[in-house]
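Hi,

Here is the structure I promised to pass on. Have a look at it first, and then read my notes below.

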Amino acid sequence: MTRIVGIDLGTTNSLCAVFDAHQGPVLIPNAVGSVLTPSVVGLLDDGRILTGYPAREMSVTRPERTAARFKRFMGTDDHRPLGDQKFSAPELSSVILKTLVQDARAHLGYQVTDAVITVPAYFNDNQRNATKLAGELAGLKVRRIINEPTAAALTYGYHEKEADKKILVFDLGGGTFDVTLMEIFEGTLEIIATAGRSQLGGEDFTESLTRHVLTEAGMEPERVEELEPLRYTRLRKLCEQAKIQLSDEEEVKIALPDAEGKLAENGDDITITRAAFADLCAPLLDRLKQPIARTLRDGECTPNEVQDIILVGGATRMYLVHQFLADYFGKQPMCKHNPDEVVAMGAAVQAALMDDHEAVEEMVMTDVCPFTLGVEVSKRLGSSVRDGYYLPIIHRNTTVPVSKEEVVATLYDNQSQVMVKVYQGESRKTKENLMLGELEVNGIPPGPAGQPIYIRFTYDMNGILEVEAIVHDSGLKFQTVLTHHVKGLNEQEIQRAVDRMQEVKFYPRDELRHQHLLHYAEQVIGEVNPMERERLEEALDQFEQALFDTDRELFEHRRGLLLETLDNMGYAFDDPEDL
Ligand code: AMP
């Protein structure tokens, strides 16, 4: 076993894997026996933290005390309220990472301290650094941040060492979309090009469906979301289930909850067919096209030349996505690897590569820089000088590590100082790109305008950028390394976040299964009719009471009764432990 674990920190679910000398990459089960840990955090009234399945169930009945989908605001200053507290995306993610590490420790029998964590290829520097910070808040040494499609490619490459093909990784998760073109040849994996959208994923399909159902029912989606959150969260959950059902069925019925989020016995429902769902989602499918076209263009490849399409992310299970891909590429995508698991497994392969594990010694991997990197320059247009233009130095999809140089020049006579502002992005104007940092160059010897300054960018496999500026005439050299810049946080604030997260108290790991059942049953209460509700409440009260009792026999008995009651009502509890 490698000591470094591989972690897929997903919008909806997170997974952890380790590389085993005999079995290759293997996934680690969590406290409730599943390899998927929902990326949901809940705060109980007593201040303890719940994560994963129990928190996901809790999010339906107590949305104000739970946080989900926080990966979507990684790298921003946003905070999510959780009860009377507020948490940033790295803080919430660190709670998930800590859970995964605790599970890994329980499963492997040794302390886990190092990890490779995956991020969407299109995560910018802020988002990557926020992810790294999340790892550090969880007490982990983040050995490398790798791109999710690159990880998927590593799983593919590990299993198909002999292949010689062009492959496209199509990654549609809960909240992000990435597409990556790669070539595999005699054990060498070469990432050719990558592109994506950080605000597009399966959740948008659920959202579209939720809004459609509300509109069909004569309601205004925005008003319902704001004024009737229980109706909204319950309906969203039903729409998510309906969306998943539509992956296998021709049509589904979606029941309409009342303002309290409850379902009446003979309440209204709305029928959605696959075709109607596809129409509804046409604008979303359209948004998938641009990153695909850009990747193929950058990689000088036509849709026909792509030999295999690897699916990553739960949302690629949608029937309409398969149909979309078949139309675009003229071939069906490959379904050999589980789209939920392929990224975490690849992160474990990366961990093995970093550990120089002999099982991967024949594998070589090259990656690309997903963005253009450059500096701000001014342009002299006629008699006026205009600032804010972008001079690319490393173009997107250049193979890394890479070192490139460009020359800029002083604008005025006797200019002694230049501020080199470093940006990431594709726009012609810097204000539309992301600023990464700056480097002050001074001591330029007096002279006429136009004195050359050489700017060299060196970008490594970890996405760390070194910027160097050399004043040509004096040979003066200035240097900075742009790394670990977390938006809106200085050193002290980072330390405060570390201290704060150390104080977080987790619900005991070996009792999480019971919390899972408790919150599951609580949310079923909102769905059953009044008679059943009374019976279920009674079984639930007794179970809850037994949770505080030391009599294990009584506890097991009441747990059995609650499971049976749920089963009889058609809401059998899927305990991942029993799967
Ligand atoms: P991920 O972030 O990769 O875990 O993807 C989660 C997204 O995949 C969520 O939006 C889920 O609703 C969606 N998803 C999971 N399973 C299915 C399925 N069988 N059919 C359609 N969407 C699914």
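One cut-off before we start: a residue counts as buried when its relative accessible area is under 20%, and as exposed when that value is over 50%, with partly exposed in between. Keep in mind as well that this is a predicted model.

F573 is a good place to try that out. Its relative accessibility is 11%, so F573 counts as buried. Y520, at 13%, is buried too. The two rings form an aromatic pair of the tilted kind, with 5.1 Å from centre to centre and 45 degrees between the planes. Y520 belongs to helix 13 (residues 512–525), while F573 sits in the segment after helix 15 (552–568), so this pair ties together parts that are 53 residues apart in sequence.

That is one of the 6 aromatic pairs that turn up in a search of the whole structure. Another is F19 with Y158: the ring centres are 5.5 Å apart and the planes are at 85 degrees, so this one is edge-to-face. Here F19 comes from strand 2 (residues 13–20) and Y158 from helix 4 (residues 148–159), so the contact ties together parts 139 residues apart in sequence. Both F19 and Y158 are buried. There is also a cluster, in which ring pairs link F324, Y328 and F329.

Rings meet charges as well. The charged end of R274 sits over the ring of Y319, at 3.8 Å from the ring centre. R500 does likewise with F87: its charged end sits over that ring, 4.2 Å from the centre.

Y158 comes up again in another contact. Its C-alpha atom is 8.1 Å from that of G187, and the two residues are 29 apart along the chain. G187 is in the loop between strand 13 and strand 14, and its relative accessible area of 11% makes it buried. What about E186, in that loop between strand 13 (177–185) and strand 14 (188–197): buried or exposed? E186 has a relative accessibility of 62%, so it counts as exposed.

E186 also has a backbone angle you may want to look at: its phi is positive, about 45 degrees, although it is not a glycine. As background, most residues other than glycine have a negative phi, and most peptide bonds are trans. E300 is another case, with a positive phi near 45 degrees in a residue other than glycine. You will find E300 in the loop between helix 9 (282–298) and strand 17 (308–312). At 70% relative accessibility, E300 is exposed.

On the peptide bond side, V400 and P401 are joined by a cis bond, with omega about -5 degrees. P401 is in the loop between strand 21 (398–400) and strand 22 (402–409).

A21 is worth a click too. It lies in the loop between strand 2 and strand 3 (24–27) and is partly exposed, with 41% relative accessibility. Its partner in space is far off in the sequence: A21 and H357 are 336 residues apart along the chain, but 8.1 Å apart from C-alpha to C-alpha.

Now the cysteines. How many disulfides does the structure hold? The count is 0. For C281, the nearest cysteine sulfur is that of C239, 11 Å away. A disulfide needs two cysteine sulfur atoms within 2.5 Å, so C281 is not in one. C281 has 0% relative accessibility and therefore counts as buried. C369 is buried as well, with a relative accessible area of 1%.

Last, the empty space inside. There are 4 cavities of 30 Å³ or more, and the largest has a volume of about 160 Å³. It is lined by 18 residues, and those closest to its centre are R128, I145, N147, D367 and M461. Strand 11 (141–147) and strand 18 (364–369) each give at least two residues to that lining. What kinds of residue make up the lining of the largest cavity, by class? There are 9 nonpolar, 5 polar and 4 charged residues.

That's the tour. Write back if you want to go through any of it together.

Cheers

Notes: Residues numbered from 1 in each chain as written. Predicted model: local features only at pLDDT ≥ 70, side-chain atom pairs only at ≥ 80, totals over all residues. Heavy atoms only, no water. Buried < 20%, exposed > 50% of the residue type's maximum accessible area, 1.4 Å probe, protein only. Phe/Tyr/Trp six-rings, centres within 6.5 Å; stacked < 30°, edge-to-face > 60°. Helix = DSSP H or I, 4+ residues; strand = E, 2+ residues; numbered from the N terminus. Lys NZ or Arg CZ within 6 Å of the ring centre and 35° of its normal. 1 Å grid on protein atoms, 1.4 Å probe; cavity = no way out; pocket = protein on both sides within 12 Å on 5 of 7 lines; lining within 4 Å. Points joined across faces, edges and corners; volume = space filled by probe spheres on them. Nonpolar A, V, L, I, M, F, W, Y, C, P; charged D, E, K, R; others polar.
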